[in-house]
Amino acid sequence: MTHTTATRTEKDLLGEAQIPATAYYGIQTWRAQQNFDLSGVTLSHFPQLVRALAMVKQAAARANKQLGYLEDSRAEIIDTACQQVIDGAHHDQFVVDMIQGGAGTSTNMNANEVIANIGLKLMDHNMGDYQQLHPNNDVNMSQSTNDAYPTAVRVAILLSHGDLVVALRSLQLALADKALEFADVIKMGRTQLQDAVPMTLGQEFQSWATTLGEDVERIAGLAELLTEINLGGTAIGTGINADERYGKRAVSELARISGYPLIQATDLVEASSDMGAFVLFSSMLKRLAIKLSKIANDLRLLSMGPRAGLNEINLPAQQPGSSIMPGKINPVIPEAVNQVAYQVMGNDLAVSFAAEAGQLQLNAMEPLIAYNVLESIRLISKAMPMLEKRCISGITANVEVCRTQVDNSIGVVTALNPHIGYDNATRLAKAALASGRSVIDLVREEALLSPEQLEEVLKPENMIRPGR
């Protein structure tokens, strides 16, 4: 049995194409689908980008209406159509691959065509009847891909940025809570994977909380870089085909719609080609990813075993760890965080290459920048709550294991340096290693310190706080 799908005919400068009759997108979107079957990740994968595109079109329509270039009825239809997309409707119609040639033209036209066809349905016209409402002439009025698309990407990052900051702050607080819980758990600190000097498990967790806390304000503050936009610059920043009053009005409307304090760049030519804000933001995401990966590595090391490893902490069991080894539990949550971090690091490298590759008045590689920055935000924003809820909040300490390792460690000899000298301390450490005896026993045997002095000096509780 043969199934046929109803279509409509649309035309562009390359000819005609048959578009699915129910599709809100049009021929230029259809061509992009044929050309760019690459990542399989479409615009709809990033709802905030879709919303941001609609916000830009809505702001443009309002500005053009105010200036008398777009008649009231069409402006209001476009406004209503955009609002539907902002509210979450028709996102499945944003079907273009995130990676595409054309500096984002396919993305811009996908938005123009969907909004035009939503408008046509609102007007009780057939979809594709662009004489009544045109994707370019009406929806794209006073715009170019080269100012509408970069503006939308910036707004999309701003819309996604809040969730990232909330997740980061929550994870930081969860680590700080664990630091308090483990404040009295004495353990060995390690440098280069070798025993160093005593510390508390609380100090270790607090160090992770502190390092993430440093990034909360930095990432929150970086959003300011993205509030400067080139809307109104049109093709290359000269503002061709747009009223000189349009840009500031459109930016003002977009600020009102999005809720962010957007401003128009002072040099629109520079702003049309410069990717510096994206590079800095992506670099900050990489920095955060590196910190998260380091924490994940530490968690895996501290929980290794349980019988033949460090076994200082227990990570909450989340799933059976092996198809062949009964009873095995793996640190799957930190492992997943590691992999997210590696992906974000790779994304940042791609952003760097793409930002450098822009020639003259435009960066044609911006779709790759948008894809990677938004994907990094999405991944980290998901990874941090996963780490917090499925790992950090359920960690318990093996207090006796930690204390026994301190008592048996050669590392405590470091505390003797100021009292017996480095050479004596080194000799005792070597002897302890060779004999299997404790440092404390050897100091007592040689009477290098009185029993009272020795007891006070080698108290782990005294060695974890400077000046005690």
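Let's start at Leu301, a residue of helix H10, which covers residues 276–302. Keep in mind as we go that this is a predicted model. Leu301 has a relative accessibility of 36%, so it counts as partly exposed. Together with Leu193 and Met304, Leu301 makes a nonpolar surface patch of about 290 Å².

Staying in H10, look at Asp298 and Lys294. Their side chains meet in a salt bridge, with 2.4 Å from N to O. Both residues belong to helix H10 and sit four residues apart, about one turn of the helix. An α-helix has 3.6 residues a turn, so residues three or four places apart point the same way. The two partners differ in cover: Asp298 counts as buried because its relative accessibility is 14%, under the 20% limit, whereas Lys294, at 45%, is partly exposed.

Now follow the chain out of H10 into the loop that leads to strand E7 (313–314), where you will find Pro306. The peptide bond from Gly305 to Pro306 is cis, with omega near 5°. Glu312 has its place in this loop between H10 and E7 too, and Glu312 is buried, with a relative accessible area of 0%.

What does the side chain of Glu312 meet? It forms a salt bridge with the side chain of Arg190, at 2.7 Å from N to O. This pair links distant parts of the chain: Arg190 is in strand E3 (residues 186–191), Glu312 is in the loop between H10 and E7, and 122 residues separate them. Unlike buried Glu312, Arg190 is partly exposed, with a relative accessible area of 27%. The pair also belongs to a wider group, since a network of salt bridges links Lys187, Arg190, Asp195, Glu204 and Glu312.

The count for the model comes to 26 salt bridges. Another of them joins the side chains of Arg8 and Glu10, at 2.8 Å from N to O. Here Arg8 counts as buried at 10% relative accessibility, and Glu10 counts as buried at 3%.

Next, turn to helix H6, which runs over residues 145–181. How far apart should the ends of its 37 residues be? At 1.5 Å a residue the expected span is 54 Å, and the end C-alpha atoms are 54 Å apart, so the two values agree. H6 nevertheless has a kink of about 30°, centred on Ser160. The helix is mostly covered, with 28 of its 37 residues buried.

The N-terminal end of H6 is capped by Ser144, which has a side-chain oxygen 2.9 Å from the backbone nitrogen of Asn146. Just before that comes Ser142, in the loop between helix H5 (135–139) and H6. Ser142 is not a glycine, yet it has a positive phi of about 70°. With a relative accessibility of 11%, Ser142 counts as buried.

Asn241 makes a useful companion to Ser142. Its phi is near 70°, again a positive value in a residue other than glycine. Asn241 is found in the loop between strand E5 (228–229) and helix H8 (246–258). At 71% relative accessibility, however, Asn241 counts as exposed.

A last stop is Ala63 in helix H2, which spans residues 47–66. Is Ala63 buried or exposed? Its relative accessible area is 0%, so Ala63 is buried. Between Ala63 and Val165 there are 32 Å in space, C-alpha to C-alpha, and the two are 102 residues apart in sequence.

Technical notes: Residues numbered from 1 in each chain as written. Predicted model: local features only at pLDDT ≥ 70, side-chain atom pairs only at ≥ 80, totals over all residues. Heavy atoms only, no water. Helix = DSSP H or I, 4+ residues; strand = E, 2+ residues; numbered from the N terminus. Expected span 1.5 Å × (residues − 1). Bend = angle between axes of the 7 residues up to and from the residue. Buried < 20%, exposed > 50% of the residue type's maximum accessible area, 1.4 Å probe, protein only. Polar contact = N/O pair within 3.5 Å; in protein donor to acceptor, adjacent residues only side chain to side chain. Patch = residues over 30% accessible without salt bridge, like charges linked within 9 Å, V, L, I, M, F, W, Y side chains within 5 Å. Areas by Shrake-Rupley, 256 points an atom, 1.4 Å probe, with all protein chains shown as cover. Salt bridge = Lys/Arg side-chain N within 4 Å of Asp/Glu carboxyl O.
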